[in-house]
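Subject: Structure for you to look at

Hello,

Here is the structure I promised to pass on. Please open it next to this message, and my notes follow below.

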Amino acid sequence: MLTEPRAYIDVHILQTVPPANLNRDDQGNPKEAYYGGVRRSRVSSQAWKRATRLHFTERMPEQDLATRTRRISSALAGLIGADSDLPAESSSRLASALLAPLKISAGKKEGDTAYLFFYGRRQLSAVADLVRGRAAELAALDDAELAAEIDQLPVQEKFSTGHPMDVALFGRMVADVPALKVDAATQVAHALSTHAVELEFDYFTAVDDETMKEQETGAGMIGTIGFNSATLYRYASVSLHKLLHNLTDEEAAVTAVEEFVTSFARSMPTGYGNSFGHRTLPSLVAVVVRTDQPVNLVSAFEEPVGAHSGIAAESARRLAREYATATSVWGDTPAFTALCHTFESSGKIAEQLKDTFAEPVAFPKLLAGLRAHLTDTVKRATR
């Protein structure tokens with residue numbers, strides 16, 4: 001019998017982003033936060049979680065992932081209609097009947113739920129399979145007879161088991177149906193700049209090509225875009241034991257951690273991406289497996305990094321110092337550490353990082369080492 005191993009996979013990332021507007025506030029400007037008494041650039045956890053989820057789709061079959069929508073009834077009707085000769089109206093009625101026992105609040109628009117519902121594509125296919133071969137028969141029943149037939153089907157069970165990786169990682173909140181709730185196995189912090197920032201504006205004009213031919217002066221349009229540039233500290237933590245609970249499969253849980261670390265490190269929110277071309281890769285990725293609790297090291301930057309030296313390098317030095325201090329003071333020796341960075345290998349920063357975290361390796365080797373450690377951790381828990 002599996003005893004779920006208590007382990008937290010902390011991911012610490014330093015990433016420098018050029019002038020950009022990754023994540024807008026209600027005024028259209030880059031989100032910010034005050035920390036350590038100064039204004040910082042901020043990217044919300046929701047923005048980076050979505051970017052991570054979208055990166056999953058580049059690496060995994062669509063059917064193995066989840067989707068989040070109010071239009072679950074329409075999606076289910078499409079599956080039912082594809083497997084039968086029912087007209088669209090009958091497929092929609094049958095889909096609504098199948099979802100009715102879940103008692104999810106209805107939205108303002110007919111057929112929509114009141115809030116976004118996060119479900120696996122295979123889960124929805126499993127619900128459609130409940131009426132496979134019987135769709136025409138069920139559609140011929142009146143509403144009361146149809147409801148009685150649907151009540152005999154395990155619809156809720158299909159949404160409560162077989163969770164895809166992204167639902168298992170990020171969880172699902174269904175306020176009015178607690179049985180459908182899935183506790184997230186992942187915590188993602190808001191990314192913060194390690195230094196103070198100032199909001200800037202790009203004033204731009206667009207030229208009307210046709211009026212230029214007639215030698216007319218003036219711009220076709222004028223506008224501004226808010227932006228800043230920053231070295232960001234990014235942090236996330238995955239609870240292996242919660243992930244095992246959500247997936248109930250050891251290998252799938254280890255693979256989910258590997259995929260999350262990959263996509264979290266390589267993803268980027270797309271706000272104004274075409275205007276700024278802001279895609280970069282991290283300067284540093286450190287992975288720490290702990291058995292006590294997740295530990296966010298943002299306190300390394302409570303005193304903002306100054307601009308008198310390389311901000312990314314100084315941020316790395318501060319991160320290493322904070323990690324070493326936290327480990328020595330609290331006496332919590334991690335079970336595993338791995339490091340990947342792009343700083344000059346012969347420099348002082350590289351030496352400090354090596355002494356504090358681990359011998360640096362290429363990112364694929366970091367992932368391989370993490371997978372091996374987690375696989376061994378799970379195996380030991382089953383003995």
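There is one cavity of 30 Å³ or more. Please bear in mind that this is a predicted model. The largest cavity has a volume of about 80 Å³. It is lined by 14 residues. Closest to its centre are A20, L22, S41, V43 and N228. Three elements each give two or more residues to this lining: strand 1 (8-20), strand 3 (38-43) and strand 9 (221-239). Strand 9 gives the most, with four residues. By type, the lining of the largest cavity has eight nonpolar residues, five polar and one charged.

Next, the largest pocket. About 350 Å³ of space lies in it. Its lining has 13 residues. Q46, K49, R53, R68 and F170 lie nearest the centre of the pocket. Six of the lining residues are nonpolar, two are polar and five are charged. Helix 1 (45-59) and strand 5 (117-120) each supply at least two residues of the lining. Helix 1 gives the most, with five residues.

Where does the largest pocket lie with respect to domain 1 and domain 2? Domain 1 (8-61 + 185-382) and domain 2 (67-163) both give residues to its lining, so the pocket lies between them. These are the domains into which the protein chain is divided. Note that domain 1 is written as two stretches, 8-61 and 185-382. The centres of the domains, taken over C-alpha atoms, are separated by 39 Å.

Helix 1 deserves a closer look. It has 15 residues. From its first C-alpha to its last it reaches 21 Å, close to the 21 Å expected at 1.5 Å a residue. Which residues of helix 1 are buried? They are S45, A47, W48, A51, T52, R53, H55 and F56. R53 therefore appears twice in these notes: it is buried in helix 1, and it is among the residues nearest the centre of the largest pocket.

One proline is also worth finding on your screen. P269 sits in the loop between helix 11 (250-266) and helix 12 (273-276). Is P269 buried or exposed? It is buried: its relative accessible area is 5%, and the cut-off for buried is under 20%. Which residues does P269 touch, leaving aside its neighbours within four places in sequence? It is in contact with L22, V43, A47, W48, A51 and H278. Some of these names have come up already. A47, W48 and A51 are buried residues of helix 1. L22 and V43 are among the residues closest to the centre of the largest cavity. For a distance to check, take P269 and H245. They are 24 residues apart along the chain, and their C-alpha atoms are separated by 29 Å.

Finally, the chain as a whole. The protein chain has 15 helices and 11 strands. Its C-alpha atoms fill a box of roughly 80 × 75 × 35 Å, taken along the principal axes. Of its 383 residues, 46% are buried. Now take the contacts between residues at least 6 apart in sequence. Of these, 77% join residues at least 24 apart.

If you want a place to start, go to helix 1. It gives five residues to the lining of the largest pocket, and A47, W48 and A51 are in contact with P269.

Best wishes

Notes: Residues numbered from 1 in each chain as written. Predicted model: local features only at pLDDT ≥ 70, side-chain atom pairs only at ≥ 80, totals over all residues. Heavy atoms only, no water. 1 Å grid on protein atoms, 1.4 Å probe; cavity = no way out; pocket = protein on both sides within 12 Å on 5 of 7 lines; lining within 4 Å. Points joined across faces, edges and corners; volume = space filled by probe spheres on them. Nonpolar A, V, L, I, M, F, W, Y, C, P; charged D, E, K, R; others polar. Domains from an automatic or database assignment. Expected span 1.5 Å × (residues − 1). Buried < 20%, exposed > 50% of the residue type's maximum accessible area, 1.4 Å probe, protein only. Contact = heavy atoms within 4.5 Å.
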